[in-house]
Amino acid sequence: MSVKEITAEHIEELEVLAAKYPVRRSALLPMLHYVQSVQGMVSPKGIQTCATVLDLTPAEVAAVATFYTMFKRFPMGKHHIGVCINTLCALLGGDDLWKELTETLGIGHDETTSDSMFTIERIECQAACTVAPVMTVNWEFMDSMDPAKLKELIEKLKTGAPVQSTRGTLITSISDSERLLAGFNDGKVNDSPDADDSMLAGLRVAKERNMTAPIGKGVR
Amino acid sequence: MTLTSDNKATNTQELITATIDGIQMQVPKGTLIIRAAEKMGTFVPRFCDHPSLAPVAACRMCLVEIEGMPKPQPSCAIPLTEGMVVKTQMTSKVAEDAQAGVMEFLLINHPLDCPVCDKGGECPLQNQAMTAGRTESRFEIEKRTFPKPLELSTEILLDRERCVECARCTRFSEEIAGDPFIELLERGAKQQVGIATDEPFNSYFSGNTVQICPVGALTSSAYRFRSRPFDLVSVKTTCEHCAAGCSLRTDYRRETVMRRLAWEDPEVNEDWNCDKGRFAFGYLKTNRLTQPKVRNLDGNQIDALWPDAVDIAAAGLANAQGKVAVLLGGRLTLEDAYAYSKFARVALGTNNIDFRNRDHSEEEQQFLGSAVAGNHNSVTYKELENAQNVILVSFEPEEESPIIFLRLRKAMQKGNLKVTAIAPYLSKGLEKLNAEVVATKPGEEGKVLSGIDIVENSIILIGERAAAIPGLLSVALEVSNKTQSKISWIPRRAGERGALEAGALPALLPGARPVADASARSEVAKVWGVSNSKIPSEPGLDHSQIIKAAINGELKALIIAGLDVLDAPDPKLFSEAINAVDFVITIGVQENSLTRYANVSLPVAPVTEKSGTFINWEGRPRPFGKAIGSTNALTDARVLSMIAESMDLDFGLQIIEDLRMELSELGIWNGSKLEKPQFESKEIVDFKNDNVILSTWHQLLDEGAMQVGEEHLAGTQKSSVAYLSEETAKQNNLTTGDLVTVLNTRGSITLPLEIIEMVNKVIWIPFNSKDSKVKQSLGAKEGDIMLIEKGKV
């Protein structure tokens with residue numbers, strides 16, 4: 001897959017991001033997401049471009065781009081699929097999901113299918129343990145997954161049939177998600193609820209029983 | 001290592017009382033625990049800590065126990081506070097165990113390749129593993145490895161598996177050099193130092209990272225696998241490359257220099273030096289002259305014995321009967337320059353002597369004679385560090401005096417200093433100084449300098465290039481007087497200030513004594529043991545006048561010493577001059593294009609093979625000792641003594657002690673100095689569209705004669721490009737990426753064009769870089785008017 005070039009229009013949008021912050025270099029993370037939305041990865045050229053826009057050295061940008069696992073230095077497919085492999089999700093079926101996913105697509109962690117449709121990743125806790133096991137598609141939640149649902153999901157994505165996050169948002173592509181992460185609003189902020197009943201159950205019970213957090217012994 | 005005098009702590013006088021290992025002490029508020037422990041004689045092991053870098057607590061090696069803290073703390077990052085009770089590994093089992101634990105972790109992935117590692121024998125990790133580690137590792141599985149070495153630049157190599165991620169190198173590059181071209185990449189167990197793709201670590205100061213690396217992770221291509229530290233003999237020397245006067249450690253083995261390091265000198269170079277000073281010594285082995293040569297009756301140069309060569313030289317000079325001149329190259333030691341100065345007067349009876357093998361002027365001589373020579377109140381590095389305002393004129397610190405650059409950058413970072421540069425554009429180097437540029441065409445610096453607001457007690461640093469601009473040095477002195485600002489002249493070459501003090505100029509005797517001053521002449525004549533009349537009372541010819549006189553047949557013989565014709569103000573005229581005179585003596589270390597014109601060619605010792613003194617730009621004497629003795633190479637002074645002896649003169653400068661004695665006998669001159677220069681500036685005439693003014697200076701790493709034989713270093717040179725402003729480029733139908741040709745009647749230079757923000761109607765090209773040799777190709781100087789056109793591929 002050839003990586004898309006960064007053009008003058010893209011640089012204009014990078015400038016928009018840089019101008020949002022009192023100190024321009026604060027825009028680096030959003031800018032790298034933006035580069036990823038354009039290129040499907042953070043290429044050396046993308047690093048160079050961010051460096052030029054922010055008046056940093058490419059090495060300084062590379063230090064950031066290589067630190068965060070969300071920035072990929074290989075071309076991603078159209079969709080990015082994550083499976084939480086942390087303890088709770090893993091025990092509740094995450095490991096099975098990962099096995100199913102790798103076997104179905106025939107690729108491993110941080111790899112892309114040859115048709116450039118999918119990139120898969122073992123991801124860390126997404127703070128949604130109440131709905132474990134959790135997956136993400138283009139960083140939108142797929143709650144309470146099982147291997148059958150996963151199979152169906154893959155089929156739909158392959159054929160281009162509409163897929164919604166279990167929380168409501170329509171799934172399009174990793175490129176669109178990266179653009180949103182960069183800070184360009186896609187107008188879909190209200191498509192998913194903030195939290196559903198299962199997530200708030202604990203809080204409800206605590207309130208009913210007048211529970212409070214214990215006061216710590218305090219460290220000197 | 002330095003106990004930094006600029007540490008915030010020592011500036012404030014407030015003292016606090018604290019206890020380390022049961023010893024109560026008073027230290028300035030803000031003193032780090034590790035420094036205080038050092039002062040009382042306890043060395044807390046460390047890797048990331050470096051007194052010239054900000055604390056980072058990255059390696060965790062320096063853990064100590066602090067009463068009241070729940071766990072061991074890094075002593076390199078915590079200042080002592082009132083009443084604090086600290087226990088180091090000397091008195092605390094907790095601290096000792098913590099350090100041993102950290103060491104065990106650091107060694108998990110560290111290879112056991114000490115026997116082949118360059119650092120082995122001088123390695124803080126090796127040493128501290130012995131003092132603060134476990135005798136045996138409990139780690140039994142396979143160690144992580146990396147392909148090795150990773151080439152950060154052609155000069156700097158990285159073996160990642162040896163790295164302990166102390167970040168000294170990355171912090172140095174960012175904090176000190178301002179070149180963050182290396183960074184810690186990746187995360188966690190994969191964390192490693194690296195560069196961005198296609199962006200090598202081409203910093204002028206990159207070699208310092210090798211020196212401060214506390215393990216063998218960073219090595220230089222030049223020294224890698226060349227020697228073991230315990231086989232080396234170290235000598236303290238002074239760098240011969242520029243006028244900074246860096247103290248160096250020259251390490252040699254079997255009479256060969258293996259490497260050079262920065263020798264810590266808080267007053268001058270602190271802990272650092274530049275890559276030219278560190279790596280460029282291959283010239284010592286390249287094209288060395290070892291044998292005197294004389295021209296026989298057939299016109300061929302043949303090897304000769306010293307006594308014969310000396311006799312022939314003496315006879316040739318005697319034949320010339322005073323129609324002689326001495327041209328020097330600006331790289332001589334004070335002592336050798338002094339010997340030439342004395343030889344010209346005593347043996348040749350002439351004041352025709354000049355050390356300025358570069359653009360120069362009578363105005364400059366008066367400037368040097370009136371405001372620089374013998375000035376014992378000149379600016380120092382320390383003053384630069386504490387200055388509020390520094391104005392740069394015809395001077396690009398990073399390229400022309402890198403240690404001044406580092407000191408200015410340090411001052412800027414402390415927040416005190418504002419740098420104003422009178423320059424055609426804001427260079428990368430000036431950007432790193434946060435400098436404000438007053439965009440100025442070459443030729444208009446004087447006008448601009450007298451026009452800008454200068455607060456009192458500023459410091460003006462003026463480069464040697466100012467000599468090419470008529471009137472500039474005169475204006476600079478006026479401005480300095482008017483604003484009560486000190487002015488300091490920054491020559492490029494290491495020997496220039498010394499040669500000035502030695503009187504290697506047509507109107508000056510040693511110690512700033514004007515030749516036209518009768519009492520100055522008699523003081524000198526007395527020390528020299530000659531009659532007053534021996535020293536001519538009329539100033540002699542300067543470099544350009546000597547060249548002209550030689551071409552006109554007014555001179556019969558030339559002594560040319562330590563000089564490369566390609567550096568000359570006009571190499572073409574220089575060659576004509578050599579051809580025009582009957583008798584040429586060349587004295588030098590290396591064979592160059594001049595040697596073959598010599599009637600007598602005499603080899604002399606390079607800096608490593610003699611002792612001597614360089615006077616740096618501050619006027620600070622930087623004496624150094626001989627590193628290598630076995631070559632028996634002679635100093636210039638010794639060679640001149642031999643020629644004088646052959647001329648039946650008692651010259652008396654056989655050994656360095658003679659020279660130093662005589663220099664001290666001459667003492668300080670309290671009489672009149674040369675007149676202050678009062679030269680008019682030249683108005684820039686109106687010129688055509690395709691005409692531009694030439695701006696040019698040396699890049700630190702370029703095609704200089706003393707950088708030969710260092711391929712790895714040469715690989716870190718900046719690429720040669722020409723700069724134009726957008727408007728000027730447009731007027732000439734040029735855009736970025738085009739080739740642009742700069743030409744005059746002499747020749748042309750073609751370079752890729754880069755359009756930058758700069759003053760209009762000016763083109764900047766490198767002075768002596770690959771594909772851009774201004775003297776050789778154009779014979780031009782800064783301020784000359786040139787033609788430009790689109791270059792052809």
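Here are some notes on the two-chain predicted model above, point by point.

1. **Main core.** Start with chain B. The largest nonpolar core runs to 96 residues, and Leu80(B) and Leu461(B) have the most contacts inside it. If you want a helix to look at here, take H13 of chain B, residues 402–413: it gives the most to this core, with 6 residues.

2. **Around Leu80(B).** This residue is worth a click. Setting aside neighbours within four places in sequence, Leu80(B) is in contact with Ile16(B), Ala18(B), Ile20(B), Met25(B), Val27(B), Thr31(B), Ile33(B), Ala36(B) and Val86(B).

3. **A second core.** There is another core, apart from that one, with 86 residues. Among its members are Val326(B), Val438(B), Trp528(B) and Val600(B), in case you want some residues to select.

4. **How much is buried between the chains?** Interface size is often quoted as the accessible area lost when the parts come together. Here, the area buried between chain A and chain B comes to about 1200 Å², with carbon and sulfur atoms giving 57% of that. In residues, chain A puts 14 into the contact and chain B puts in 12.

5. **Polar links across the interface.** The rule finds 1 salt bridge between chain A and chain B. In it, the side chain of Arg73(A) meets that of Glu186(B), at 2.7 Å from N to O. As for polar contacts, the count between the two chains is 5 residue pairs, both residues being at pLDDT 80 or more.

6. **The chain A side.** Two elements of chain A give two or more residues to the side that touches chain B: helix H3 (44–54) and helix H4 (58–67). H4(A) supplies the largest share, 7 residues. By residue type, this side of chain A splits into 7 nonpolar, 4 polar and 3 charged.

7. **Gln99(B): buried or exposed?** Buried, because its relative accessibility is 1% and the cut-off for buried is under 20%. Gln99(B) sits in helix H3 of chain B, residues 93–108. So what does the side chain of Gln99(B) have a polar atom 2.8 Å from? That would be the backbone oxygen of Leu63(B). Leu63(B) also turns up in the contact list for Gln99(B), which, leaving out neighbours within four places in sequence, has Val44(B), Pro45(B), Met61(B), Cys62(B), Gln89(B) and Ala132(B) as well.

Key:
Residues are numbered from 1 along each chain as its sequence is written. Chains are lettered from A and ligands numbered from 1 in the order in which they are written. This is a predicted model: local features need pLDDT of at least 70, side-chain atom pairs count only at pLDDT 80 or more; totals for chains, interfaces and linings use all residues. Side-chain values use heavy atoms; hydrogens and water are left out. A nonpolar core is a set of buried Ala, Val, Leu, Ile, Met, Phe, Trp, Tyr and Cys residues joined through side-chain atoms within 4.5 Å. Buried means under 20% relative accessible area, exposed over 50%, partly exposed in between (1.4 Å probe, protein chains only). Helices (H or I, at least four residues) and strands (E, at least two) are DSSP runs, numbered from the N terminus. Contact means heavy atoms within 4.5 Å. Buried area is the accessible area (1.4 Å probe) that two parts lose on being put together, summed over both. A salt bridge is a side-chain nitrogen of Lys or Arg within 4 Å of a carboxyl oxygen of Asp or Glu. A polar contact is a pair of N or O atoms within 3.5 Å; within protein, one must be able to donate a hydrogen and the other to accept it, and residues adjacent in sequence count only if both atoms are side-chain atoms. Ala, Val, Leu, Ile, Met, Phe, Trp, Tyr, Cys and Pro count as nonpolar, Asp, Glu, Lys and Arg as charged, and the others, Gly among them, as polar.
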